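Student: I should like to go through this structure and learn what lies behind each statement about it. May we begin with the display?

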Amino acid sequence: MRARSLAGAVVRRIRPEHPGWPAVLGPELDQGRRLRLRPPLPEDAADWSRIVRADQAELEPWWQTSDRSWAERTTEACWREQGWSLRRNARRGTVLPLVIEVDGRFGGEMILHRVDHSHGTAELGAWVASEHRGSGVAAQALRMMVRHAFGPVGLRRIVAPVGVGNRPAAFVLARNGFRKEGLLRRHMDVGGELRDHQLWSLLPEDVDWL
């Protein structure tokens, strides 16, 4: 029985339950930049920690509230721990985490959370380093992820809750076909308080660039 269980674990690692994982998307050229989406790696730790610490003012208001200080929750060890958890859950088919790579350098994250293959749905979360904001990187990475989600992953609907006041995120979604469905009152504890969130969604028929 134990041998059968071990064999099953090996098979699940070789043939994951998650269609479309692991995945490397691109590279794609966008305004002279080379964009690629790929799985997170332990060696991303130093770049991730450096960037999120530098961008604390832009990121912390929209990230989940924590009892730990920003410095404590953005160490290289935190990235490695988070990455291990994400890769484990990706193999189980419940999340699809990808790093945004710009010209070979770490530039942010694009993640599908709460992947439900039985209903074909998932929730999108993303952030980009401040040096790339307003450059089109977020929009191009979003399109790459959406094509993958509606293609190999087999989804039929993507939702994206956006904190009220997070205008850059709402702007990128709206410009790329997402529709605002309504308001989720006191939906998520972010930045130290329960905030209302707008619910945005996307169906394949909403866009013509798939």
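Student: How do you know that helix H2 lies across E4 and strand E5?

Tutor: Helix H2 (residues 45–54) crosses E4 and strand E5 (121–128), at about 95° to E4. Contact means heavy atoms within 4.5 Å. Angles, from 0 to 180 degrees, are taken between N-to-C directions of axes fitted to C-alpha atoms, for helices over the stretch in contact. The model is predicted: local features need pLDDT of at least 70, side-chain atom pairs count only at pLDDT 80 or more, and totals for chains, interfaces and linings use all residues. Residues are numbered from 1 along each chain as its sequence is written, and side-chain values use heavy atoms, without hydrogens and water.

Student: Which helix lies across E3 and E4?

Tutor: Helix H5 (residues 76–92) does, running at about 40° to E4.

Student: Why are E3 and E4 called paired strands?

Tutor: Pairing requires that DSSP finds at least two bridges between two strands. Strand E3 (residues 96–102) and strand E4 (residues 105–116) are joined by seven, so they are paired, and they run antiparallel. Glu 101, for instance, has Phe 106 in E4 as its bridge partner.

Student: What makes E7 and E8 a pair?

Tutor: Eight bridges link E7 and E8 in the antiparallel sense, so the requirement of at least two is met. Arg 179 stands opposite Ser 201 in E8. In their hairpin, with two residues between the strands, Gly 191 takes a positive phi near 60°.

Student: Why is E7 called an edge strand?

Tutor: The open sheet has eight strands in the order E1-E2-E3-E4-E5-E6-E8-E7. Strand E1 (25–30) and strand E7 (179–190) are its edges, each pairing on one side only.

Methods:
Helices (H or I, at least four residues) and strands (E, at least two) are DSSP runs, numbered from the N terminus.
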